[in-house]
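Student: I've got a model open and a pile of labels to go with it. Can we go through how each label is earned?

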Amino acid sequence: MQYRHVQTIDGQGALRGIAVDAHGHGELYAACDAEIKVFDAAGRLARRWPTARPAQSVAVAGDGAVWAGELGQIEVFDDSGKLRDTWRDAGLLRRVTAIGFTRDSVLAGDSADRAIRRFDRRGRFLNDIGKDNPLGGLLIPNGVVDFGVDAEDTVYAANPGKHRVERYAPGGELLGHIGRFDGIDPAGFTGCCNPTNVAIRDAIYTTEKAGPRVKAYDFSGGLLAVIATDPFDANCKNMSIAVDSRHRVYVVDTVKLAILVFERVSA
Amino acid sequence: MSDDPTRRDLFAAVARGTVLAVLGGGAIFLVRKANGQVVWQVDASRCINSRLGEVGVEACNLCTTECVVALSAVRAVNEYSQCGRCNICPAYFNIASAVNGLGQPSEKLCPRDAIARRPIGKVDPEDPANNFYEYVIDEEKCDGCGKCVMQCKEPLGLGSITLRVRYDRCLNCNRCSISTACPQKALMQLPVSRALEPVGIERPE
């Protein structure tokens with residue numbers, strides 16, 4: 001499988017997390033310094049609104065609500081940026097670097113505690129994911145917890161210190177993992193700690209740092225494609241990734257402050 | 001004839017003042033140096049091995065080759081509070097070497113084997129990746145070649161290892177031969193009060 005770089009979207013400032021819209025309209029949401037930016041399919045800034053605290057991550061729920069992960073809280077907006085709700089928890093939501101959804105719960109990656117928090121839809125804490133191990137959490141030397149959720153509610157968490165993507169049940173049970181260290185074979189993850197970020201769609205999509213690399217794996221861990229290496233600044237790290245329903249892959253270049261878009265090349 | 005100073009007089013006065021200030025400053029500096037009050041120090045933000053943004057280049061080993069002290073007065077120091085304690089440390093392993101049966105790189109990076117890797121706490125026999133590791137630099141072996149520093153810095157690592165002048169070895173030369181050779185001007189002389197902690201950093205419990 002091959003991909004080509006088809007578009008570069010100017011982030012117009014700092015970029016942390018990105019997410020695609022829920023209904024395949026081609027809109028892209030970005031968590032920026034202290035705001036959410038929405039880019040249309042052509043890469044133009046369509047709208048923006050402020051967040052109360054610096055935005056670390058963003059996710060779009062099935063109902064179109066936009067969830068912004070922040071320091072100490074999550075803010076929930078409607079698609080126009082009107083604030084609907086705020087979940088505050090100085091203990092469980094210290095630095096929310098990823099948000100995701102299962103059918104009946106909301107997941108928040110708290111990098112300050114190296115864990116994924118699971119809440120019911122009303123915000124009641126249910127359980128942690130990724131903490132029940134001898135290390136007391138995910139190994140994230142780069143300070144970002146990132147994960148994706150598949151259609152069966154399986155949670156795929158990047159565990160860069162172990163060079164793995166780990167699979168968890170929503171209740172926190174470790175189901176298995178893909179990935180291994182290898183500094184030569186591109187099927188492996190290199191460096192001290194990769195992959196740093198992950199997205200789930202029809203495959204497991206990952207980003208790595210030093211040198212920056214985007215890859216796709218099947219769900220049994222077989223390498224499907226090295227999507228890109230070259231277009232990124234060599235100093236990039238914690239490159240957020242999102243994949244839309246047309247399998248377009250969006251990746252943040254954290255140095256150039258841009259979102260690079262890749263499309264699958266037909267066989 | 002006017003008593004007002006001419007422009008030439010003014011320039012001459014300024015020049016005399018400047019010369020006196022430089023001589024005075026130099027004299028004060030020399031006195032402080034003679035009293036051991038100034039020291040050489042590596043500026044990590046200038047050293048190419050630790051400076052951010054320099055990736056994919058060979059480590060500079062001028063601190064090893066130029067220092068008049070045996071091995072070098074400059075050694076690599078791991079600041080444990082900044083260390084990720086990773087399973088696979090790019091400063092310890094040659095991460096470009098083939099993977100061995102343990103799933104680790106088969107070669108070490110340090111040409112003098114000066115870094116020791118020890119698990120923190122009890123090793124999980126089922127999964128060695130389920131551990132933190134501490135990386136301890138043996139300064140008796142280290143010659144300050146900078147390879148580990150280059151591999152430790154961001155984005156590959158966390159930048160916990162830097163090169164530092166060890167004051168129990170440094171002869172505090174007037175013209176440090178490393179500073180003369182360093183193209184980055186990364187060796188600088190500072191008053192002791194502004195120098196980094198001259199003694200070794202405490203190891204974790």
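Student: How many bridges join strand E3 of chain A to E4(A), and do they run parallel or antiparallel?

Tutor: Keep in mind that this is a predicted model. Strand E3 (residues 28-31) of chain A and E4(A) are joined by 4 bridges and run antiparallel. Pairing asks for at least two bridges, and with 4 bridges E3(A) and E4(A) count as paired. One bridge partner to look up is A:Phe39 in E4(A), which goes with A:Leu28.

Student: What joins E3(A) to E4(A)?

Tutor: A hairpin, through 3 residues.

Student: How do you know that E4(A) pairs with strand E5 of chain A?

Tutor: Use the cut-off again: at least two bridges. E4(A) has 5 bridges to strand E5 (residues 45-50) of chain A, so the pair qualifies, and the two run antiparallel. A:Val38 has A:Arg47 in E5(A) as its bridge partner. These strands make a hairpin too, with 5 residues between them, and A:Gly43 in the turn shows a positive phi of about 90°.

Student: Why is strand E4 of chain A called largely enclosed?

Tutor: Buried means 20 or more other C-beta atoms within 10 Å. In strand E4 (residues 35-39) of chain A, 4 of the 5 residues are buried, so the rest of the structure largely encloses this strand.

Student: And what makes A:Glu152 exposed?

Tutor: The cut-off for exposed is 12 or fewer other C-beta atoms within 10 Å. A:Glu152 has 8, so A:Glu152 is exposed. You'll find A:Glu152 in the loop between strand E14 (147-149) and strand E15 (155-159) of chain A. Its C-alpha atom is 19 Å from that of A:Asp128, with these positions 24 residues apart along the chain.

Student: Which strands stand at the edges of the sheet E6-E7-E8-E9 in chain A, and why?

Tutor: That one is an open sheet of 4 strands with antiparallel pairing. Strand E6 (57-60) and strand E9 (83-88) of chain A each have a single partner strand, so one side of each has no neighbour in the sheet, and they stand at the edges. From one strand to the next, the twist averages 15°.

Student: How do you know that E7 and E8 of chain A pair?

Tutor: Strand E7 (residues 66-69) and strand E8 (residues 73-77) of chain A share 4 bridges in the antiparallel sense, and the requirement is at least two. For instance, A:Gly69 has A:Ile74 in E8(A) as its bridge partner.

Student: Which residues have the most contacts inside the largest nonpolar core?

Tutor: That core has 116 residues, and the ones with the most contacts inside it include A:Ile18, A:Tyr29, A:Val58 and A:Tyr250. Strand E24 (residues 258-265) of chain A gives the most to this core, with 5 residues. Leaving aside neighbours within four places in sequence, A:Tyr250 is in contact with residues including A:Ile18, A:Leu28 and A:Ile259. In soluble globular proteins, nonpolar side chains tend to be buried together.

Student: What about chain B: how many helices and strands are there?

Tutor: Chain B has 4 helices and 6 strands, in the pattern α-β-α-β-β-β-α-β-α-β along the sequence. Of its 205 residues, 33% are buried.

Student: And how many residues of chain A are in contact with chain B?

Tutor: 22 residues of chain A, touching 25 residues of chain B. The chain A side has 10 nonpolar, 7 polar and 5 charged residues.

Notes: Residues numbered from 1 in each chain as written. Chains lettered and ligands numbered in written order. Predicted model: local features only at pLDDT ≥ 70, side-chain atom pairs only at ≥ 80, totals over all residues. Contact = placed C-beta atoms within 7 Å. Nonpolar A, V, L, I, M, F, W, Y, C, P; charged D, E, K, R; others polar. Axes fitted to C-alpha atoms, helices over the stretch in contact; angles between N-to-C directions. Core = buried A, V, L, I, M, F, W, Y, C linked by C-beta atoms within 7 Å.
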